[in-house]
Amino acid sequence: MLIIGAGLAGACAAVAMARAGEAVTVVEAVGPAAGASGAAAGLVNPLMARKANPTWRFEEALAALDALLDEAGAEDTFTRSGVLRPALDAKQAGFFQRTAEAVPAHGTWWSAEETAEHVPEAVAPHGALRV
């Protein structure tokens, strides 16, 4: 089995195929997690859409990802730097604040002032959700 790309999807596919007894070769142009998976979250973001709703079974998905990365010996390859989601308007800011209160382990609400303090280059006049 040949897998192109050593990001989260490629790494997970390689481990799953190896578990099934397949011989696996992974080809990567730059290095593990060099693309989207190395950016803030890649494909892993438990709070999605306009309202930052928790994704279906996200706790189980994150735990499975941690176990898979540990099994692959890649737990230090993917950094958890987070995602900053500036609120587009006051209504969205309300959604983001409620989400941060509901799932504090995965989301933190920052006011406009706090966002400017933590990430000065961000434009977030309504505040931001840090995932």
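At 7% relative accessibility, T99 counts as buried, and this residue of helix α3 offers a convenient way into the structure, which is a predicted model. Once its neighbours within four places in sequence are set aside, T99 is in contact with L47, K51 and A52. Buried residues as a whole make up 34% of the 131 residues in the chain, and T99 belongs to that class because its relative accessibility of 7% lies under the 20% limit that defines a buried residue.

The chain around T99 comprises four helices and seven strands, and, read from the N terminus on, its elements follow the order β-α-β-β-β-α-β-α-β-α-β. Among the contacts between residues at least 6 apart in sequence, 56% join residues at least 24 apart. The chain exposes about 7800 Å², of which carbon and sulfur atoms supply 58%.

Helix α3 leads on to the sheet. Three strands form an open sheet in the order β5-β7-β6, with antiparallel pairing. Strands β5 (84-86) and β6 (108-110) stand at the edges, and each has a single partner strand, so one side of each is left without a neighbour in the sheet. From one strand to the next, the twist averages 25°. The pairing of β6 with β7 (residues 128-130) runs in the antiparallel sense over three bridges, and within it W110 stands opposite A128 in β7. Helix α3, which spans residues 90-102, packs on this sheet and touches β5, β6 and β7, while its direction makes about 140° with that of β6.

The charged side chains come next. Side chains of opposite charge can pair when their charged atoms come close. In this model the count comes to two salt bridges. In one of them, the side chains of D89 and R50 meet with a nitrogen-to-oxygen distance of 3.0 Å. This pair links distant parts of the chain, since D89 lies in the loop between β5 and α3 and R50 in the loop between β3 (47-48) and β4 (53-54), 39 residues apart. Both partners count as partly exposed, D89 at 26% relative accessibility and R50 with a relative accessible area of 39%. The other salt bridge joins R57 to E60, whose closest N and O atoms are 2.8 Å apart. Here R57 is partly exposed at 44% relative accessibility, and E60 is likewise partly exposed, with a relative accessible area of 46%.

Helix α2 (residues 58-72) contains A72, a residue that counts as partly exposed at 41% relative accessibility. Although A72 and A14 are 58 residues apart in sequence, their C-alpha atoms are 8.9 Å apart in space.

The surface also carries a nonpolar patch, formed by L2, I4 and V27, which together have about 310 Å² of accessible area. Of these residues, I4 has its place in strand β1 (residues 2-4). With a relative accessible area of 66%, I4 is exposed, because that class begins over 50%. The path through the model thus runs from T99, buried at 7% relative accessibility, to I4, exposed at 66%.

Technical notes: Residues are numbered from 1 along each chain as its sequence is written. This is a predicted model: local features need pLDDT of at least 70, side-chain atom pairs count only at pLDDT 80 or more; totals for chains, interfaces and linings use all residues. Side-chain values use heavy atoms; hydrogens and water are left out. Two strands pair if DSSP finds at least two bridges between them. Helices (H or I, at least four residues) and strands (E, at least two) are DSSP runs, numbered from the N terminus. Axes are lines fitted to C-alpha atoms, for helices over the stretch in contact, and angles run from 0 to 180 degrees between N-to-C directions. Contact means heavy atoms within 4.5 Å. Patches are made of residues with over 30% relative accessible area and no salt bridge: like charges are joined within 9 Å, nonpolar side chains (Val, Leu, Ile, Met, Phe, Trp, Tyr) within 5 Å. Accessible areas come from the Shrake-Rupley method with a 1.4 Å probe; for residues, only the protein chains shown count as cover. A salt bridge is a side-chain nitrogen of Lys or Arg within 4 Å of a carboxyl oxygen of Asp or Glu. Buried means under 20% relative accessible area, exposed over 50%, partly exposed in between (1.4 Å probe, protein chains only).
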